[in-house]
Amino acid sequence: MSVDFKHENNKFSALENSEELAFLSYESNGDVLTVDHTEVSPQLEGQGIGKKLVEQVVEYARSENKTIDPQCPFADGVIEKTPEFQDVVAK
């Protein structure tokens, strides 16, 4: 299965055949990206897509010199379990 990722309108999406099957949304406030929601459709669950979406927002935050405030429990859990993501967490 081929999943494409797209970033627009404060949202990272995972698409298959142009259909959005998962997304992570955030609010941008100054230098902080507040991740407020992550959703993965049942057919993609367990395939690491949610983690890939968190990775995308982490890489975006790094490239923009921003930090992340993971209000979404899923994103917070992924970042907590992934030491290499923790450099971008808002203190």
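1. Strands β4 (32-40) and β5 (67-70) run parallel and are joined by four bridges. Helices (H or I, at least four residues) and strands (E, at least two) are taken here as DSSP runs, numbered from the N terminus, and two strands are said to pair if DSSP finds at least two bridges between them. Within this pairing, Val 35 has Pro 70 of β5 as its bridge partner. The model is a predicted one: local features need pLDDT of at least 70, side-chain atom pairs count only at pLDDT 80 or more, and totals for chains, interfaces and linings use all residues. Residues are numbered from 1 along each chain as its sequence is written, and side-chain values use heavy atoms, with hydrogens and water left out.

2. The side chains of β5 alternate. Ile 68 and Pro 70 point to one face and are buried, whereas Thr 67 and Asp 69 point to the other and are not. Buried denotes under 20% relative accessible area, exposed over 50%, and partly exposed the range in between (1.4 Å probe, protein chains only). Alternation between the two faces of the sheet is what a regular strand shows in general.

3. The sheet as a whole is open and has five strands in the order β1-β2-β3-β4-β5, with mixed pairing. Its edge strands are β1 (4-8) and β5, each of which pairs on one side only. Neighbouring strands are turned by 25 degrees against each other on average, direction ignored. At the β1 edge, β1 and β2 (residues 11-16) pair in the antiparallel sense over five bridges, and His 7 stands opposite Phe 12 in β2.

4. Two helices lie across the sheet strands. Helix α1 (residues 49-63) lies across β1, β2, β3 (19-29), β4 and β5, running at about 35 degrees to β3. Helix α2 (residues 73-81) lies across β4 and β5 and runs at about 120 degrees to β5. Axes are lines fitted to C-alpha atoms, for helices over the stretch in contact, and angles run from 0 to 180 degrees between N-to-C directions. Contact means heavy atoms within 4.5 Å.

5. Gly 50 belongs to helix α1 and, at 5% relative accessibility, counts as buried. Leaving aside neighbours within four places in sequence, Gly 50 is in contact with Val 40 and Phe 74. Gly 50 and Asn 10 are 40 residues apart in sequence and 16 Å apart in space, C-alpha to C-alpha.

6. The count of salt bridges comes to three, a salt bridge being a side-chain nitrogen of Lys or Arg within 4 Å of a carboxyl oxygen of Asp or Glu. One joins Glu 8 and Lys 6 at 3.5 Å, N to O; Glu 8 is partly exposed at 42% relative accessibility, and Lys 6 is partly exposed at 34%. Another joins Glu 20 to Lys 11, with the closest N and O atoms 3.1 Å apart. Here Glu 20 is partly exposed at 34%, as is Lys 11 at 28%.

7. Arg 62 and Asp 87 also meet in a salt bridge, at 2.7 Å, N to O. This pair links distant parts of the chain, with Arg 62 in helix α1 and Asp 87 in the segment after α2, 25 residues apart. Arg 62 is partly exposed at 34% relative accessibility, and Asp 87 is partly exposed at 49%.

8. Lys 66, in the loop between α1 and β5, deserves separate comment. Lys 66 is buried yet has no salt bridge, and the nearest side chain of opposite charge, Asp 31, is 4.4 Å away. For charge, Lys and Arg count as positive and Asp and Glu as negative; His and the chain ends are not counted. The side chain of Lys 66 reaches the backbone oxygen of Gly 30 at 2.9 Å. Not counting residues up to four places away in sequence, Lys 66 touches Ser 28, Gly 30, Asp 31, Leu 33, Ala 61 and Val 88.

9. Two asparagine residues with positive phi may be noted together. Asn 17, in the loop between β2 and β3, has a phi of about 50 degrees although it is not a glycine, and Asn 17 is exposed, with a relative accessible area of 69%. Asn 65, in the loop between α1 and β5, has a positive phi of about 55 degrees, again without being a glycine; Asn 65 is exposed at 67%.

Definitions and conventions: Polar contact = N/O pair within 3.5 Å; in protein donor to acceptor, adjacent residues only side chain to side chain.
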